[in-house]
Amino acid sequence: MKLWGGRFTKPTNQLVDEYTASINFDKKLAKYDIQGSLAHVEMLKECRIIPATDADQITEGLHTVLLKIESGEAELSEEHEDIHMNVEKLLIEEVGAVGGKLHTGRSRNDQVALDMRLYLREQLIEIIQLVVSVQQSLHTQAKLNLDTVMPGYTHLQRAQPVLFGHHMMAYVFMFQRDVERLTDSWKRVNKSPLGAGALAGTTFPIDRQFVAEKLGFDGICENSLDAVSDRDFVVEFLSNASLISTHLSRLCEELVQWSSAEFSFIELDDAFSTGSSMMPQKKNPDVAELVRGKTGRVFGHLVGMLTTLKGLPLAYNKDMQEDKEGMFDTVETLKGALGLFAPMIETMQVKKENMYEAVRKDFSNATDLADYLVEKGMPFRESHAVVGQVVLHCINGNKYLLDLTLKEFKSFSETIESDIFEKLNPEAVVNARDVAGGTARNRVEEQIEKAVELFQSS
Ligand code: ARG
């Protein structure tokens with residue numbers, strides 16, 4: 001007999017049971033469901049809605065049910081559809097008919113909204129910690145690479161040299177915004193929907209605030225219709241997760257490129273690389289590729305959730321059961337990626353000489369030659385054209401700016417003196433960008449220090 005079977009004259013078609021059941025995935029919520037029920041029953045007792053002895057029996061029963069679910073001893077069945085009804089059924093088996101008093105003044109609609117919030121809020125803490133650990137690994141690499149000059153790119157064409165430490169710090173600040181977004185979302189997740197009932201509230205003299213405080217919420221959802229139909233917090237999480245995945249994926253793309261023979265800027269540690277079943281020489285950046293690849297499913301869950309919600313009238317609709325798998329999968333996907341990322345970054349070997357060579361054998365100091373001529377009084381537009389001619393001369397002669405003689409320089413502009421060679425040195429080029437947020441060594445050091453303050457506050 002179903003818990004709601006009273007008005008039915010036939011058993012449910014088995015296919016319907018199978019199709020509508022969520023127990024196979026919402027069993028993940030067991031712990032939170034029982035946590036919510038414990039607070040609810042305590043409130044029922046406190047408000048004298050059910051007798052204290054009944055409440056105590058239910059409380060004890062709920063603890064036993066949790067133990068039995070966690071040990072695998074309790075059988076969860078599709079016949080009882082979801083985690084809420086399975087728990088209630090198990091409770092009644094445990095303590096008898098009195099267990100049926102637990103659901104007084106409550107609906108599965110406010111219950112499931114509560115469980116989702118309890119789950120997500122716990123996950124948010126773990127995910128924030130993992131993002132911070134990724135930031136710390138990047139920060140460590142930044143500190144180790146304050147003297148590593150690499151080509152900086154625009155359009156994936158060598159543009160101007162930067163410090164590898166500067167490049168690492170770009171990601172530290174990027175992930176900082178993710179930490180801030182997750183932290184900010186907390187205040188919208190951490191509200192209690194319990195007491196909204198099915199949609200309109202309840203006739204029992206419940207105390208919503210009591211339950212909210214018991215469960216560590218910052219307050220209650222103010223409108224019962226909104227409380228049971230709001231899944232903004234899921235969308236917001238999926239959106240934040242999508243942005244984190246985007247950031248991870250961009251870095252993955254760089255790691256994949258940098259570990260190719262064509263770049264050869266880094267080598268990922270053997271423990272974080274994989275081989276080929278056919279080609280004995282291969283060492284593949286599979287982790288970086290897979291993190292990049294899994295971005296697709298995270299985006300998919302975000303679009304899926306938005307689409308599920310967009311046509312729903314108030315209040316609860318069964319469609320909303322679709323909120324769970326995407327969220328669970330996103331949490332697992334994200335935690336998996338973030339957990340691997342920190343050690344992968346920390347153990348990667350940076351091939352400083354190759355980066356330097358790529359800067360040396362290129363024209364990424366051309367802007368500095370143009371700026372030099374500007375200092376000598378030439379309008380920038382003119383110096384840009386002159387340096388373009390110098391670069392063309394070099395390309396035709398298979399040389400780079402630093403290979404030119406002073407005489408050659410002077411054939412383009414008489415104002416060029418021998419101090420030009422010092423100015424065009426990769427280190428000098430980097431250190432000339434001595435502006436807040438720039439790539440000069442001392443400016444990158446400033447960023448590194450700023451980040452420490454951010455870590456302390458997050
Ligand atoms: N399993 C349902 C869900 O996840 C719980 C709420 C069901 N409520 C209802 N009235 N059918 O959304």
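**Exercise 1.** Determine how the residues of the shell around the ligand divide by class in this predicted model.

*Solution.* Step 1. List the shell: the ligand is surrounded by Ser22, Asp26, Asp82, His84, Arg108, Asn109, Val112, Tyr316, Lys318, Met320 and Gln321.
Step 2. Sort these residues by class: the shell comprises 3 nonpolar, 4 polar and 4 charged residues.
Step 3. Assign the shell to secondary structure: α6 supplies its largest share, 3 residues.

**Exercise 2.** Characterise the packing of helix α6 against helix α10.

*Solution.* Step 1. Locate the two elements: α6 spans residues 108-144, and α10 spans residues 232-258.
Step 2. Take the geometry: the helices pack at an angle of about 20°, and their axes lie 11 Å apart.
Step 3. Classify the angle: angles under 35 degrees count as roughly parallel. The angle of about 20° therefore makes α6 roughly parallel to α10.
Step 4. State the handedness: α6 and α10 cross in a left-handed sense.

**Exercise 3.** Identify which residues of α6 meet which residues of α10, and give the classes present in this contact.

*Solution.* Step 1. On the α6 side, the residues are Met116, Arg117, Leu120 and Val131.
Step 2. On the α10 side, they are Phe233, Val234, Phe237 and Ile244.
Step 3. By class, the contact of α6 with α10 holds 7 nonpolar residues, no polar residues and 1 charged residue.

**Exercise 4.** Describe the region that UniProt annotates as "domain: Argininosuccinate lyase C-terminal".

*Solution.* Step 1. Fix the limits: the annotation, from an unreviewed UniProt entry, covers residues 363-431.
Step 2. Read the secondary structure: over residues 363-431 the chain is 65% helix and 0% strand.
Step 3. Take the end-to-end separation: the end C-alpha atoms of residues 363-431 are 17 Å apart.

Technical notes
Residues numbered from 1 in each chain as written. Predicted model: local features only at pLDDT ≥ 70, side-chain atom pairs only at ≥ 80, totals over all residues. Axes fitted to C-alpha atoms, helices over the stretch in contact; angles between N-to-C directions. Helix = DSSP H or I, 4+ residues; strand = E, 2+ residues; numbered from the N terminus. Parallel < 35°, antiparallel > 145°, perpendicular 65-115°, else oblique. Left-handed = near helix turned anticlockwise from the far one by under 90°. Contact = placed C-beta atoms within 7 Å. Nonpolar A, V, L, I, M, F, W, Y, C, P; charged D, E, K, R; others polar. UniProt positions renumbered as here; feature names shortened; annotations may be inferred. Near = placed C-beta within 6 Å.
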